[in-house]
Amino acid sequence: MSSFIPRRVFPHLDSLPRSYFLGHHRAGLDKMKTMLTYIDLVIECRDYRVPLTSRNPLFEENLAGRERLIVYTKQDLGSKRKQQDKNREHVIEEWYRPTPVLFSDHKDKGSVRKVLNFARDHAAMKASLMGSRMLIVGMPNVGKSSLLNALRKVGVHKGKAAHTGAQPGITRKIGTTVKIIEGNENSESVYLMDTPGVFIPYVPNTESMLKLALCGSVKDAIIAPTTLADYLLYQLNLYDPRIYSIYAHPTNEVVDFLSAVAYKTGRLQKGGTPDVEASALWMIQKWRNGQLGRFVLDDVTAESLERERSDTEGLGSSLSHARRADKEMRRQRSK
Ligand SMILES: Nc1nc2c(ncn2[C@@H]2O[C@H](COP(=O)(O)OP(=O)(O)OP(=O)(O)O)[C@@H](O)[C@H]2O)c(=O)[nH]1
């Protein structure tokens, strides 16, 4: 163990797709734009494990002019609720000031209540006779529908209203409006609308694509499971290789790692050969569920937002525009 040295960089994979911008993403975004006049607040969800990479500039560009609350979902999957996490959350809050930022875990009533309180205060400020209407937006699979259900449960004690699932693309159209706060003599009711996840037209680099895929924003068929497991192994090694010690010795070799997992868990094909692909999918799922370490994949420092912004500049608006900007960026870099 003491002699093990993890990889410090993950190799650039030229053949990796860098787009997952589907028809219903574009259609959903267009529809959101037409609804903006009726909306008092946009609740933009991002994944706590990738606080920078799950930022989609399309929302800032297309839903500008409306007040925004940023909610980092799945806090439980990236945090151990320690001082280190508090420091990280403070940095994230500072990045977006004055835009308010909250952190949520859909099963933790306390964090859901904070979002509700924000929505209630915001609605009270607007004091509309028709009640307040809010839109929940974000990348695919980030946890929008789960948060909507949790807000409804805590807010008005009603059951699930939106479908949720482990793969992206469960919500394909803008859903029905759901009441999350009951009005009273002092304030009007608050309604929330679910929307389909919208992916970034063109991801700035392959590592960002791997991060988003690992967090479940991209369908599992898009990137080979062994490639994704290799990226997971890279991250596990940087964090703490002891996390997988019940399956394998520390290693940088994905096939060795997955073969050890296959032997240990009985994932074998005919003739007893290890089923590397099945083991890859199993390990990825374990990490996604928080059973293989809970940690953040992005670098969170005071400067990292600016760095990411300059990397993604021009990659927001359209696919062809994004490709051109990417080509130009590469040309500049090679100069
Ligand atoms: N651990 C944990 N899991 C969550 C949380 N929020 C959502 N999930 C899980 O993440 C997956 C995706 O959640 P959804 O609510 O369907 O995500 P979505 O953003 O509506 O997905 P799309 O339909 O692709 O837009 C589900 O398996 C949820 O159970 C959270 O706060 N913590």
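The exercises below, each with a worked solution, concern a predicted model.

**Exercise 1. The span of H5**

Determine what span helix H5 should have and how far apart its end C-alpha atoms are.

Solution. Helix H5 covers residues 109-126, which makes 18 residues. The expected span is 1.5 Å times one less than the number of residues, and for H5 this comes to 26 Å. The end C-alpha atoms of H5 are 25 Å apart in the model, which agrees with the expected value.

**Exercise 2. The two sides of H5**

Work out which residues of H5 are buried, which are exposed, and how the buried ones are placed around the axis.

Solution. Begin with the buried residues of H5, which are Ser111, Val112, Val115, Ala119 and Ala123. They cover an arc of only 120° around the axis, and therefore they lie on the same side of H5. Turning to the other side of H5, one finds Gly110, Asn117, Asp121 and Met125, which are exposed. Finally, follow the chain just past the helix, where Ala127 takes a positive phi of about 50°.

**Exercise 3. Strand E1 and its partners**

Establish how many residues of strand E1 are buried, and which residues lie on each of its sides.

Solution. Strand E1 comprises residues 41-47, and seven of its seven residues are buried. In a regular strand the side chains alternate between the two faces of the sheet. The residues of E1 can accordingly be listed by side: Leu41, Ile43, Cys45 and Asp47 are on one, Val42, Glu44 and Arg46 are on the other, and both faces are covered.

Now identify the strands with which E1 pairs, and in what sense.

Solution. Take strand E2 (residues 67-73) to begin with, which runs parallel to E1 and is joined to it by seven bridges. Within this pairing, Leu41 stands opposite Glu67, while Arg46 has Tyr72 as its bridge partner. Strand E4 (residues 132-138) also pairs with E1 in the parallel sense, here over five bridges, and Leu41 stands opposite Met134 in that strand. The connection from E1 to E2 involves helix H2 (residues 57-62), and the three elements make a right-handed β-α-β unit. To extend the picture from E2, note that three bridges join it to E3, that these two strands run parallel, and that Val71 has Leu102 in E3 as its bridge partner.

**Exercise 4. Backbone geometry in the loops**

Decide where Lys74 and His157 are placed, and whether each is buried or exposed.

Solution. Most residues other than glycine have a negative phi, and most peptide bonds are trans. Lys74, which is not a glycine, has a positive phi of about 60°, and its place is in the loop between E2 and H3. Because 28 other C-beta atoms lie within 10 Å, Lys74 is buried, the cut-off being 20 or more. His157 also has a positive phi, near 55°, and is placed in the loop between H6 and strand E5 (177-181). With 8 other C-beta atoms within 10 Å, His157 is exposed, since the limit for that class is 12 or fewer.

Next, find which peptide bond is cis, and where its proline is located.

Solution. The bond in question runs from Arg97 to Pro98, and its omega is near 10°. Pro98 itself is found in the loop between helix H4 (83-96) and strand E3 (101-103).

**Exercise 5. Val218**

Find where Val218 lies, and how far it is from Lys107 in sequence and in space.

Solution. Val218 belongs to the loop between helix H7 (206-214) and helix H8 (225-239). It has 26 C-beta neighbours inside 10 Å and therefore counts as buried. Between Val218 and Lys107 the separation is 111 residues in sequence and 23 Å in space, C-alpha to C-alpha.

**Exercise 6. The shell around the ligand**

Describe which residues come nearest to the ligand, and which helices contribute to the shell around it.

Solution. There are 25 residues around the ligand, of which Gly143, Ser145, Ser146, Thr164 and Gly197 come nearest. By residue class, the shell divides into seven nonpolar, 14 polar and four charged residues. At least two residues each are supplied by helix H3 (75-78) and helix H6 (144-156), and the largest share, three residues, comes from H6.

Technical notes. Residues are numbered from 1 along each chain as its sequence is written. This is a predicted model: local features need pLDDT of at least 70, side-chain atom pairs count only at pLDDT 80 or more; totals for chains, interfaces and linings use all residues. A residue is near a molecule or strand if its C-beta atom, placed from the backbone, lies within 6 Å of it. Helices (H or I, at least four residues) and strands (E, at least two) are DSSP runs, numbered from the N terminus. Ala, Val, Leu, Ile, Met, Phe, Trp, Tyr, Cys and Pro count as nonpolar, Asp, Glu, Lys and Arg as charged, and the others, Gly among them, as polar. The arc is that of the directions from the helix axis to the C-beta atoms. Two strands pair if DSSP finds at least two bridges between them. A crossover is right-handed if, with the strands pointing away from the viewer, the path from the first strand over the helix to the second runs clockwise.
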